[in-house]
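Let's take a walk through this one, helix by helix and contact by contact. Have the viewer open and follow along.

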Amino acid sequence: MYNMTKYLLQMIDLYNSTNSQSFQLVDIINNPQYVTNSLDNWILQYVNNFIVNIHSEMKQYKLNNVVNNITILIDKLSRWYVKLNKNRISAGDEIALSVLYYSIYYSILTISPFVPFMSESIYQAIKHLDILNIEQSIHFIQMKPSIWKNDVTLLRPMEYFCEVINAARHIRTNIKNIALKIPVNELIVIHQDTQLLSKLDKLKEYLLYELNLMNIVFSDQEQQFIDYKLRVNKKKLGRKYGKEINNVDKFIQNISGEEAKQIVINTRNICYQKDIIKFEDVLIDREVSQKYHTYHFHNSILISLQS
């Protein structure tokens, strides 16, 4: 948090010297219409969600979660928001600078009961930026229960956004041994949720820049990129088939890849001798086609990196 504060003050000094005028904080909290950038909206929502959770957990006296929540918040601010917006911030974007200020301000205000001296030190360093802030100490300020519109739908796409970046870096460095300085032809992101893919598409420019990509494709056609292998759910069918369950399992595992794909796509039942095995009684193993260097995470999303 100290480093982020120092970075903010340095960028404001740069703004002042570049523009030959003092930086004027934009009151985005009372004027949310000024915030149009997806990452700005996300971090403000994340800070808001943090504040709401802290208030809720304090009411229930769940002190054990506080430290972990603070650590995650600092990671989201420093590792993700600041890093992804460094070009905007260094260029003197007033909205980005204001978003960073308010994110730091409301974060230290919320954690001040837990880290009083650090919060006070940071407050004294940044309080001059807000002319409406007249309190001499952060501990005289009443904490708000919420600062931003409560739209938690912003949080899930950003979690996947971060995972896509981490996964693509993993493939580049650990699987394909490609340095980040070298451009990569294409990244394919596969997920069955089209709404999630649509929201990730709005962050496309950040992905292209951060991962040094020529192109990125979002697809909900999972079956084009993976092979399916089926096996019986012995917990469900073990009592029904008894000793025959191993033969049933062997039969299902021997189903060809193409037929297994059709069964999954059409959620089709399986005929075994004169019996019917319901689709929901079959376990599905997803294996990435060998022609793709793919990293699978969250049990629901795949990415493929094509060099």
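What follows is a tour of a few helices, the salt bridges, and some loop and strand residues.

Keep in mind that this is a predicted model.

**Helix α2 and what comes after**

Start with α2, residues 38–59. At 1.5 Å a residue, its 22 residues should span 32 Å, and the end C-alpha atoms are indeed 32 Å apart, so the helix agrees with expectation. At the start of α2, N37 gets involved: one of its side-chain oxygens comes within 2.8 Å of the backbone nitrogen of L39.

At the other end, just after α2, Y61 takes a positive phi of about 60 degrees. Y61 also turns up on the surface, where it joins M58 and L63 in a nonpolar patch of about 320 Å². L63 itself sits in the loop between α2 and α3 (66–84). With a relative accessibility of 38%, L63 counts as partly exposed.

**Salt bridges**

How many salt bridges does a search of the whole structure find? The search turns up 11. One of them pairs D40 with R88, with the closest N and O atoms 2.8 Å apart. D40 belongs to helix α2 and R88 to helix α4 (residues 86–90), so this pair ties together parts that are 48 residues apart in sequence. Are these two partners buried or exposed? Both D40 and R88 are buried. The pair also has company, since D40, R88 and D93 are linked in a network of salt bridges.

A second bridge joins the side chains of K76 and E159, at 3.1 Å from N to O. Here distant parts of the chain are linked, with K76 in helix α3 and E159 in helix α7, 83 residues apart. The two ends sit in unlike surroundings: K76 has 7% relative accessibility and counts as buried, whereas E159 has 32% and counts as partly exposed.

The side chains of K83 and E210 make a third, at 2.5 Å from N to O. K83 lies in helix α3 and E210 in helix α9 (residues 204–211), so the pair ties together parts that are 127 residues apart in sequence. For this pair, K83 counts as partly exposed at 36% relative accessibility, while E210 counts as buried at 13%.

Here are those three bridges side by side:

| Pair | N to O distance |
|---|---|
| D40 and R88 | 2.8 Å |
| K76 and E159 | 3.1 Å |
| K83 and E210 | 2.5 Å |

**Helix α7 and the loop behind it**

Now for α7, which runs over residues 155–175. This helix has 21 residues and reaches 29 Å from its first C-alpha to its last, close to the 30 Å expected at 1.5 Å a residue. Its buried residues are L155, P157, M158, Y160, F161, C162, V164, I165, A167, A168, I171 and R172.

After α7 comes N177, in the loop that leads to β1. Phi of N177 is positive, about 55 degrees, although the residue is not a glycine. Why does that deserve a second look? Most residues other than glycine have a negative phi. With 69% relative accessibility, N177 counts as exposed.

L180 shares that setting, lying in the loop between α7 and β1 (184–191). L180 has a relative accessible area of 40%, so it is partly exposed. Its C-alpha atom is 27 Å from that of L155, a residue 25 places away along the chain. Which residues does L180 touch, not counting those up to four places away in sequence? They are R169, R172 and N212.

N212 brings up another positive phi, near 55 degrees, again in a residue other than glycine. N212 is found in the loop between α9 and β2 (213–219). Its relative accessible area is 23%, so N212 is partly exposed.

**A stop in strand β6**

Last, look at I284 in strand β6 (residues 282–288). I284 is partly exposed, with a relative accessible area of 24%. Leaving aside neighbours within four places in sequence, I284 is in contact with Y228, K229, L230, V264 and F279. The C-alpha atoms of I284 and S256 are separated by 13 Å, and the two residues are 28 apart along the chain.

Note on methods: Residues are numbered from 1 along each chain as its sequence is written. This is a predicted model: local features need pLDDT of at least 70, side-chain atom pairs count only at pLDDT 80 or more; totals for chains, interfaces and linings use all residues. Side-chain values use heavy atoms; hydrogens and water are left out. Patches are made of residues with over 30% relative accessible area and no salt bridge: like charges are joined within 9 Å, nonpolar side chains (Val, Leu, Ile, Met, Phe, Trp, Tyr) within 5 Å. Accessible areas come from the Shrake-Rupley method with a 1.4 Å probe; for residues, only the protein chains shown count as cover. A salt bridge is a side-chain nitrogen of Lys or Arg within 4 Å of a carboxyl oxygen of Asp or Glu. Helices (H or I, at least four residues) and strands (E, at least two) are DSSP runs, numbered from the N terminus. Buried means under 20% relative accessible area, exposed over 50%, partly exposed in between (1.4 Å probe, protein chains only). The expected span of a helix is 1.5 Å times one less than its number of residues. A polar contact is a pair of N or O atoms within 3.5 Å; within protein, one must be able to donate a hydrogen and the other to accept it, and residues adjacent in sequence count only if both atoms are side-chain atoms. Contact means heavy atoms within 4.5 Å.
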